[in-house]
Amino acid sequence: MITEKKKEFIEFMMESDVLRFGDFVTKSGRNTPYFVNTGNFKTGRQIATLGKFYAELINESCGADFDCMFGPAYKGIPLVTSAAAALYNEYKTDKPYFFNRKEEKDHGEGGSLVGYKPQDGDRVIIIEDVITAGSAIRETMPILKSAADVKVNDMFISVNRCEVGQNPKKTTIMEVMEDFGINVHAIITVRDIYEYLEQDGSYGDMLAKMKKYMDTYCVF
């Protein structure tokens, strides 16, 4: 059952042109009738609001039981920054955050990480936008492990697309859990989006397209 909070987040993404409907191609090469692009958040109000949604999910899921926050470049950078700020403003949870450069810096302090320097034993949470094929997390883990002997127990995303991974009977998120031991927490799922459109009553054609896509690529 979709909650009022989830409806609020869906409407927030739609009004921000982040959740869009039409014909798109995902990173995994699938033709999809809906697309989530957090890169379209572009105002102070939007990023502050987004940070509050992430902070609420983090607080509900693990409270302050972690040491630092990581946002993979590029979209994870504003996400982790806004989530860290909201965690402090809303819950007085003050945690360090860091992110990576796509290209390692060869001057100044050097390195590929910006912000907090992770230490051995740190419990890191990852802040991302969407997981589709899982390639991003497979690129992220070596970056973290090469920096320090850290533990990643939790990852927070905007939307769980519930899509199949390499195993047709499992979602990519299930595979991430099995491969890395990471619990993935999403503010909403594709099923929430479908229920929202269904309740709205004015998305008949899109509902049919989404159902066909979900029947083909999603596991619930």
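**Strand pairing, cores and loops in the predicted model**

M69 stands opposite I125 of strand β6. The structure described here is a predicted model. Pairing between strand β3, residues 68-71, and β6 is parallel and extends over three bridges. Strand β6 also runs parallel to β8, to which five bridges join it. Within that second pairing, R123 has K151 of β8 as its bridge partner. Strand β6 covers residues 123-127, and four of these five residues are buried, so the strand is largely enclosed by the rest of the structure. In a regular strand, side chains point alternately to one face of the sheet and the other.

The largest nonpolar core has 43 residues. Those that touch the most other members are M13, I58, M69, I127, I193 and M210. The element that gives the most to this core is helix α2, residues 44-62, with seven residues. For I127, contacts beyond four places in sequence are made with Y54, I58, M69, F70, G71, P72, G76, L79, V80 and F156. Two of these partners, I58 and M69, are named with I127 among the core residues that touch the most other members.

A second core, separate from the one above, consists of 19 residues, including I137, L144, V150 and V184. L144 is located in helix α4, residues 135-147. With a relative accessible area of 1%, L144 is buried, because the cut-off is under 20%. Once neighbours within four places in sequence are set aside, the contacts of L144 are F70, F98, V124, I126, V150 and V152. Among these, V150 is itself named as part of the second core. L144 and P72 are separated by 72 residues in sequence, and their C-alpha atoms lie 9.9 Å apart in space.

Helix packing was examined for two pairs that share α6. The axes of helix α6, residues 190-200, and helix α7, residues 204-217, come within 10 Å of each other and cross at roughly 155 degrees. At this angle α6 is roughly antiparallel to α7. The α6 and α7 crossing is left-handed. On the α6 side the contact is made by V190, R191, I193, Y194, L197 and E198, and on the α7 side by M206, L207, M210, K211 and M214. I193 and M210 from this contact also appear among the residues of the largest core that touch the most other members.

The second pair consists of helix α1, residues 4-15, and α6, whose axes come within 10 Å and cross at roughly 85 degrees. The helices α1 and α6 are therefore roughly perpendicular to each other. K6, K7, I10, E11 and M14 of α1 form the contact together with D192, I193, Y196 and Q199 of α6. I193 of α6 is thus listed in the contact with α1 and in the contact with α7.

Several loop residues were also considered. T26 occupies the loop between β1, residues 19-25, and β2, residues 31-36. T26 counts as buried, at 7% relative accessibility. Apart from neighbours within four places in sequence, T26 is in contact with T32, F35, T132, R161 and Y213.

The loop between β8, residues 151-160, and α5, residues 172-180, contains G165. The relative accessible area of G165 is 19%, and G165 is classed as buried because the cut-off is under 20%. Outside four places in sequence, G165 touches K170, T171, T172 and E175. The C-alpha atoms of G165 and F99, which are 66 residues apart along the chain, are 26 Å from each other. T172 belongs to helix α5 and is buried, with a relative accessible area of 2%. Besides G165, T172 touches I131, T132, A133, G134, E163 and V164, residues up to four places away not being counted. T132 is a contact of T172 and also of T26.

Backbone geometry was notable at three positions. C162, found in the loop between β8 and α5, has a positive phi of about 60 degrees although it is not a glycine. C162 is buried, at a relative accessible area of 7%. D17, a residue other than glycine, likewise has a positive phi, near 60 degrees. D17 lies in the loop between α1 and β1 and counts as partly exposed at 35% relative accessibility. A cis peptide bond, with omega about 0 degrees, joins A73 and Y74. Y74 is placed in the loop between β3 and α3, residues 76-91.

How values were computed: Residues numbered from 1 in each chain as written. Predicted model: local features only at pLDDT ≥ 70, side-chain atom pairs only at ≥ 80, totals over all residues. Heavy atoms only, no water. Core = buried A, V, L, I, M, F, W, Y, C linked by side-chain atoms within 4.5 Å. Buried < 20%, exposed > 50% of the residue type's maximum accessible area, 1.4 Å probe, protein only. Helix = DSSP H or I, 4+ residues; strand = E, 2+ residues; numbered from the N terminus. Contact = heavy atoms within 4.5 Å. Pairing = 2+ DSSP bridges. Axes fitted to C-alpha atoms, helices over the stretch in contact; angles between N-to-C directions. Parallel < 35°, antiparallel > 145°, perpendicular 65-115°, else oblique. Left-handed = near helix turned anticlockwise from the far one by under 90°.
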